[in-house]
Amino acid sequence: MSYFLTQNISVGVGGRYWAMWTKKDSDSLCSSSGCVGEPRILAKYSMERWGTFFQASYKLD
């Protein structure tokens, strides 16, 4: 969203949100030395990111 303060000056603000995740029990916790625990321990992963920004600009004639 942006707003012109004058014909040459504007300010703006914006944002975004992004997320991804897996279904329940979608992966087992294993490494090169083998699986952790007996029986296997199942895992679920999720990640979220958000951000905002502000800007100002001046236009030279």
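This passage walks through the strands of a small set of paired elements in a predicted model and then turns to the surface.

The protein chain has 7 strands and 0 helices. Read from the N terminus, that gives a plain run of β-β-β-β-β-β-β. The chain holds 61 residues, and buried ones make up 10% of them. Its accessible surface comes to about 5,900 Å², with 57% of that belonging to carbon and sulfur atoms. How do the contacts spread along the sequence? If one takes the contacts between residues at least 6 apart in sequence, 54% of them join residues at least 24 apart.

Next comes the sheet. An open sheet is built from 3 strands, lined up in the order 1-2-7 with antiparallel pairing. Strand 1 and strand 7 sit at the edges, as each of them pairs on one side only. On average, neighbouring strands in this sheet are turned by 5° against each other, with direction ignored.

Take the pairing of strand 1 and strand 2 to begin with. Strand 1 covers residues 2–4 and runs antiparallel to strand 2, with 3 bridges joining the two. Together they form a hairpin, and 4 residues lie between them. Two of the bridge partners can be picked out by eye: Ser 2 goes with Gly 12 of strand 2, while Tyr 3 goes with Val 11 of strand 2.

On to strand 2 and strand 7. These two pair over 13 bridges, again in the antiparallel sense. Which residues of strand 7 partner Gly 15 and Trp 18? Gly 15 has Thr 52 as its bridge partner, and Trp 18 has Arg 49. Is strand 7 tucked away or in the open? Strand 7 spans residues 46–58, and the number buried among its 13 residues is 0, so this strand lies largely in the open.

Met 47 gives a closer look at strand 7, where it has its place. With a relative accessible area of 26%, Met 47 is partly exposed, because that value falls between the 20% limit for buried and the 50% limit for exposed. Leaving aside residues up to four places away in sequence, Met 47 touches Trp 18, Ala 19 and Met 20. Met 47 and Met 20 are 27 residues apart along the chain, yet their C-alpha atoms are separated by 5.5 Å.

Val 11 is worth a second visit. It belongs to strand 2, which covers residues 9–21, and it is the bridge partner of Tyr 3. Is Val 11 buried, partly exposed or exposed? Its relative accessibility is 33%, so Val 11 counts as partly exposed. Val 11 also helps make a nonpolar surface patch of about 650 Å². The other residues in that patch are Tyr 3, Leu 5, Ile 9, Tyr 58 and Leu 60. Tyr 3 and Val 11 are thus linked in two ways, as bridge partners and as members of one patch.

Notes. Residues numbered from 1 in each chain as written. Predicted model: local features only at pLDDT ≥ 70, side-chain atom pairs only at ≥ 80, totals over all residues. Heavy atoms only, no water. Patch = residues over 30% accessible without salt bridge, like charges linked within 9 Å, V, L, I, M, F, W, Y side chains within 5 Å. Areas by Shrake-Rupley, 256 points an atom, 1.4 Å probe, with all protein chains shown as cover. Salt bridge = Lys/Arg side-chain N within 4 Å of Asp/Glu carboxyl O. Buried < 20%, exposed > 50% of the residue type's maximum accessible area, 1.4 Å probe, protein only. Pairing = 2+ DSSP bridges. Contact = heavy atoms within 4.5 Å. Axes fitted to C-alpha atoms, helices over the stretch in contact; angles between N-to-C directions.
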